[in-house]
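Trainee: Please go through this structure with me. I would like to start with the helices and then turn to the sheet.

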Amino acid sequence: MARSADSAINIDELQSRARRFLPGLLYDYLAGGVEDECGLAANRSAFERWRFLPKYMIDTTARSGLTKLFEQEFSVPFGIAPTGFAGLLNPGADLMLARAAESEGVPYIMSGVSNASLEMAAETAPTATWYQLYLARDEHISLDMAKRAGDAGIRNLVVTIDLPVNSKRERDMRNGFKLPPRLSPAIILAGLTHPRWTFRFLTNGGMPNFENWVPYVQGPVTALNVAQFVRTQSPPAQSWQHLAKLREAWNGNSDQGHPAS
C-alpha cells in the first residue's frame with residue numbers, strides 16, 4: 001500500500017516516495033542537474049560540511065530560529081526554492097507550497113515557470129510569496145511581469161541570471177522530456193506504470209498551463225501553445241542595462257546594497 005508523504009520522517013524517505021509515485025522522466029526532471037551533475041554533487045557536499053555546534057547546560061526554553069531578511073521576520077532561516085512545472089508533478093502544487101510557507105512563516109519563491117499565477121500565489125500567501133523572474137527575450141514581458149508582481153503585493157523579486165544559454169539537462173535528453181512535452185511510447189508506458197500519478201493528471205485537466213505567461217501569448221491559449229511561447233523567450237538577452245530597467249519598473253522592496261559581482 002502506498003504511504004503518504006506526511007508519514008515520512010526525513011528527506012530521503014520523501015525522495016524515495018517521490019521516485020515511486022512519479023514516472024521516471026518526471027522524477028529525473030525534479031531531481032536531476034545539468035550535464036554530468038558535478039554542480040549538483042558539489043552543492044550537496046558543501047551543505048553536508050556544515051555542522052551544528054552543541055552547547056550544553058544552557059537554558060533552551062526560549063530558543064528561536066527567528067530571522068530578519070529584507071525588513072521581514074521569518075520563523076527559521078530557510079525557505080522554499082523555486083520549483084518549475086510543479087503542477088505537472090502534482091496538480092495545484094504551486095499553491096500547496098505557498099500555503100505551507102505561509103503556515104510555517106517561511107518565504108516561498110514562486111518559480112518563473114510555475115503553473116499557477118503569481119496573483120494567485122500572492123492571494124494565497126500574502127506574507128510569504130516572493131517571485132522568481134526569468135528575463136524574457138521580449139523586454140516588455142519582463143518589465144510587465146515585475147510590475148504585476150509588485151501590483152499583486154509581492155515584496156521581493158528574485159531575478160535569475162544564470163541562463164545565458166539553455167542548459168543541457170542530460171537526464172531529460174535521455175528520457176525525451178522537453179517543453180512543450182510530446183507524447184511518445186516511452187512516456188505513455190511511464191504513465192501506465194504509475195497509475196496514481198496518471199489518475200491525478202487526467203482528472204485535473206491534463207497538461208497544466210504556465211499561467212504567468214498567458215497574457216503574452218498570441219492565438220489560442222492552450223497549454224501546448226503557451227509552452228511553445230515560453231520556449232521562444234529563452235535564452236534572453238541580459239545585461240546590467242536590462243537589470244537597471246527592471247529595477248525602475250519594480251515597485252516592491254528595494255535593497256539599497258551593492259550588486260554582487
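Mentor: One definition beforehand: a helix here is a DSSP run of H or I with at least four residues, and helices are numbered from the N terminus. Please also bear in mind that this is a predicted model.

Trainee: Understood. What follows helix 10?

Mentor: Gly205 follows helix 10, and its phi is positive, near 95 degrees.

Trainee: And within helix 10, which residues are buried?

Mentor: Helix 10 spans residues 195–203, and its buried residues include Trp197, Thr198 and Phe201. These three lie on the same side of helix 10, because the arc they cover around the axis is only 95 degrees.

Trainee: What does the face turned away from the buried side carry?

Mentor: That face of helix 10 carries Pro195 and Phe199, which are exposed.

Trainee: Then what covers the buried residues of helix 10?

Mentor: The cover includes helix 1 (11–21), helix 2 (24–31), helix 4 (86–89) and helix 9 (185–192).

Trainee: Staying with helix 2, where is Asp28, and what does Asp28 touch?

Mentor: Asp28 is in helix 2. Leaving aside residues up to four places away in sequence, Asp28 touches Arg169, Arg171, Asp172 and Asn175.

Trainee: Why does Asp28 count as buried?

Mentor: Its relative accessibility is 18%, and the cut-off for buried is under 20%.

Trainee: Let us move to the sheet. How many strands form it, and in what order?

Mentor: It is an open sheet of 3 strands in the order 3-4-5, with parallel pairing. Strand 3 (108–110) and strand 5 each have a single partner strand, so each stands at an edge with one side left without a neighbour in the sheet. On average, neighbouring strands are turned by 30 degrees against each other, direction ignored.

Trainee: Over how many bridges do the strands pair?

Mentor: Strand 3 and strand 4 pair over 3 bridges, while strand 4 (residues 129–134) and strand 5 (residues 157–160) pair over 4 bridges. In the pairing of strands 3 and 4, Ile109 stands opposite Trp130 of strand 4. Towards strand 5, Tyr131 has Leu157 as its bridge partner, and Tyr134 stands opposite Thr160.

Trainee: Strand 4 next: how many of its residues are buried?

Mentor: Strand 4 is mostly covered, with 5 of its 6 residues buried. The chain reaches strand 4 from strand 3 by way of helix 6 (residues 118–124), in a right-handed β-α-β crossover. Strand 4 also makes a right-handed β-α-β unit with helix 7 (residues 139–151) and strand 5.

Trainee: A different topic: where is Lys245 placed, and what does Lys245 touch?

Mentor: Lys245 is in helix 12 (residues 240–249). Beyond residues up to four places away in sequence, Lys245 touches Glu139 and Leu143. With a relative accessible area of 40%, Lys245 is partly exposed.

Trainee: How many residues apart are Lys245 and Leu202, and how many Å apart in space?

Mentor: They are 43 residues apart in sequence and 42 Å apart in space, C-alpha to C-alpha.

Trainee: Finally, what pLDDT does the chain average, and where does pLDDT stay under 50?

Mentor: The chain averages a pLDDT of 88, and 95% of the residues score at least 70. Over residues 256–261 pLDDT stays under 50, and the model has 3 contacts beyond four places in sequence for that stretch. Where pLDDT is low, the predicted coordinates should not be read in detail.

Technical notes
Residues are numbered from 1 along each chain as its sequence is written. This is a predicted model: local features need pLDDT of at least 70, side-chain atom pairs count only at pLDDT 80 or more; totals for chains, interfaces and linings use all residues. Side-chain values use heavy atoms; hydrogens and water are left out. Helices (H or I, at least four residues) and strands (E, at least two) are DSSP runs, numbered from the N terminus. Buried means under 20% relative accessible area, exposed over 50%, partly exposed in between (1.4 Å probe, protein chains only). Contact means heavy atoms within 4.5 Å. Two strands pair if DSSP finds at least two bridges between them. A crossover is right-handed if, with the strands pointing away from the viewer, the path from the first strand over the helix to the second runs clockwise. pLDDT is the predictor's confidence in each residue, from 0 to 100. The arc is that of the directions from the helix axis to the C-beta atoms. Axes are lines fitted to C-alpha atoms, for helices over the stretch in contact, and angles run from 0 to 180 degrees between N-to-C directions.
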